[in-house]
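Trainee: I am new to this structure. Please show it to me, and I will ask how each label is earned.

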Amino acid sequence: MGIRRPAVTAAAAAALIGAFTVPFAGNKAFAAEGNATVREDFNGDGYQDLAVAAPAATVGGHSWAGYIAISYGSAKGLGPARTTVITQDTPGVPGSSGDNHGFGYALIPRDLDGDGLTDLAVATNEYQPANNIGGSVIILWGRTTGISGTGAVRIPAPANAFVGEDVTAGDFDGDGHTDLFMRNAEDFDFRAVLYGPFDRSGAPAREQQLTVFSTDNTICSTAAGDFNGDGIDDLATFYVYEDHAEGGKLWLGTRQGLSTVAQRLPSANTTAVGDFDKDGYADLATRVFPNGETYLEEDPGTIKIYYGSSAGPSTTRTKTITQETAGVPGVSEKGDQFGARLSAGDVNGDGYADLAVGDPGEAIGSVAKAGSVVLLKGGRGGLTGTGAQAFHQDTPGVPGSVERGDLFGGSVRLLDVTGDGKADLAAGAPGEDLGTVANGGAVWLLRGTASGLTASKAFTENPVDLRAPAARAEFGENLGGDNGPGLVIP
């Protein structure tokens with residue numbers, strides 16, 4: 001099967017229809033100061049929450065309209081009773097569901113207005129005919145009662161603009177407020193840096209237009225993190241043109257914002273950022289383009305880590321990891337796509353970031369493209385294969401069973417939904433069939449422990465559980481904060 005991004009539509013959306021919502025059941029009081037490090041807490045109860053996208057779903061008769069599901073964390077993990085489904089037809093959400101809107105094709109969970117609650121920026125491909133605007137980024141505000149459409153707004157865009165491409169979050173001027181990098185202009189050469197805090201109309205405090213292209217290539221991936229350890233996030237952008245990779249650029253953050261002169265970086269496809277050796281510098285994990293070619297369908301998959309330094313990601317202190325690396329489960333095989341999605345987080349609570357590696361093309365036994373996820377553990381020397389773990393739907397304790405084309409590991413996200421100080425793994429299988437429903441998709445949660453991930457108490461959730469549109473929804477094709485390039489597995 002193939003997973004694709006929806007195309008931009010040139011038609012306006014149809015009339016508003018009813019939303020699909022599973023009621024949110026209760027919440028704790030707003031998190032105290034001691035929980036300020038919780039990164040993705042939409043209701044302020046101290047537990048991280050998971051945003052899941054089904055951008056391919058048909059909603060109200062509109063194909064590829066898309067919807068998102070917000071699953072709220074708790075000491076018991078996730079569950080349908082603590083999940084809310086939101087579409088563009090949910091009251092308060094701007095616009096309405098339409099063909100090819102792809103609501104949720106990218107999800108940015110960050111505190112955008114500085115009130116201590118995580119908000120969710122949702123990218124869409126909708127067309128706004130009144131001002132001839134292609135695409136939008138809609139902010140759903142965090143609330144102690146949970147995210148809803150209440151007060152939701154589009155980030156303002158100029159007439160004739162294209163909006164939302166390459167959306168990436170970071171604090172690029174070091175003022176403690178979240179900033180967004182994305183396209184927000186008519187001219188293709190420019191990307192906007194929207195500096196926070198954002199007000200409740202969706203407007204940023206200020207805006208910078210940055211020329212990020214020097215040729216007619218396109219951005220395939222981005223990454224944000226404090227790579228040089230100065231307390232300000234930097235931005236990496238990576239480029240492709242037709243069938244070949246064209247390198248990357250590093251835009252250093254400064255007190256005034258992103259620098260306008262970039263440093264060169266090697267090419268990269270998917271990315272993740274974490275401090276894998278705990279030296280105070282953010283490290284950059286990437287999937288390598290094989291021989292610099294963008295044809296990835298048959299790629300076994302290679303990961304390369306560039307360790308942070310006072311000058312940014314080092315091109316001399318690096319580490320390359322494949323499934324042939326000692327300790328890494330599995331074998332590098334044609335079409336595995338090891339590294340198709342990446343996510344960093346501290347699974348065992350030792351202070352070192354670990355790396356979840358999606359391997360969606362992996363065959364399990366004789367079952368092709370069933371998929372798996374590999375966890376690589378950080379340590380004093382950084383990431384290695386030592387103690388690596390692999391999980392798939394035939395792993396004892398993991399719900400379900402392997403099937404051809406499930407693409408388990410087609411999305412991955414490490415975040416602490418149980419509040420025990422150890423990151424849990426959310427993994428999507430957008431090709432999962434739900435009974436007779438093809439490609440409905442599903443998401444799994446595996447808990448973090450002091451020894452790594454465990455399948456004990458593993459949990460799965462799918463659109464049927466949520467009474468949401470299921471047929472070819474590809475639920476779990478994207479997770480909040482996991483905005484890697486679309487899967488290219490046929």
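Trainee: Why is Gln 337 called buried or exposed?

Mentor: Gln 337 has a relative accessible area of 1%. Buried means under 20% relative accessible area, exposed over 50%, and partly exposed in between (1.4 Å probe, protein chains only). So Gln 337 counts as buried. One caution: this is a predicted model, where local features need pLDDT of at least 70, side-chain atom pairs count only at pLDDT 80 or more, and totals for chains, interfaces and linings use all residues. Residues are numbered from 1 along each chain as its sequence is written, and side-chain values use heavy atoms, with hydrogens and water left out.

Trainee: Where does Gln 337 lie, and what is said of its phi?

Mentor: Gln 337 lies in the loop between E23 and E24. Strands (E, at least two residues) are DSSP runs, as are helices (H or I, at least four), numbered from the N terminus. The phi of Gln 337 is positive, about 60 degrees, although the residue is not a glycine. Asn 100 has a positive phi too, about 65 degrees, and is not a glycine. Asn 100 sits in the loop between E3 and strand E4 (106-110).

Trainee: What makes Asn 100 partly exposed?

Mentor: The relative accessibility of Asn 100 is 22%. That value falls between the two limits, so Asn 100 counts as partly exposed.

Trainee: How do you know that Asp 166 forms a salt bridge with Arg 191?

Mentor: A salt bridge is a side-chain nitrogen of Lys or Arg within 4 Å of a carboxyl oxygen of Asp or Glu. The closest N and O atoms of Asp 166 and Arg 191 are 2.8 Å apart. The pair therefore meets the definition. It links distant parts of the chain: Asp 166 in the loop between strand E8 (162-163) and strand E9 (168-170), Arg 191 in strand E12 (residues 190-195), 25 residues apart. Arg 191 is buried, at 1%. Glu 165, Asp 166, Arg 183 and Arg 191 are linked in a network of salt bridges.

Trainee: What makes Arg 341 and Asp 482 a salt bridge?

Mentor: Their side chains meet at 2.8 Å, N to O. That is within the limit, so the label holds. Arg 341 lies in the loop between strand E23 (318-321) and strand E24 (342-345), and Asp 482 in the segment after E32, so the pair ties together parts 141 residues apart in sequence. Arg 341 is buried at 0%, and Asp 482 is buried at 3%.

Trainee: How many salt bridges does a search of the whole structure find?

Mentor: The search finds 14. Asp 299 and Arg 287 form a salt bridge, at 3.1 Å, N to O. Both residues are buried.

Trainee: Why is Asp 216 called buried or exposed?

Mentor: Asp 216 has 56% relative accessibility, so it counts as exposed. Its loop runs between strand E13 (206-211) and strand E14 (218-225).

Trainee: How do you know that E1 and E32 pair?

Mentor: Two strands pair if DSSP finds at least two bridges between them. Strand E1 (residues 50-54) and E32 are joined by 2 bridges, so they pair. They run antiparallel. Val 52 has Leu 479 in E32 as its bridge partner.

Trainee: Which sheet do these strands belong to?

Mentor: An open sheet of 4 strands in the order E3-E2-E1-E32, with antiparallel pairing. Strand E3 (83-86) and strand E32 (478-479) are the edge strands, because each pairs on one side only.
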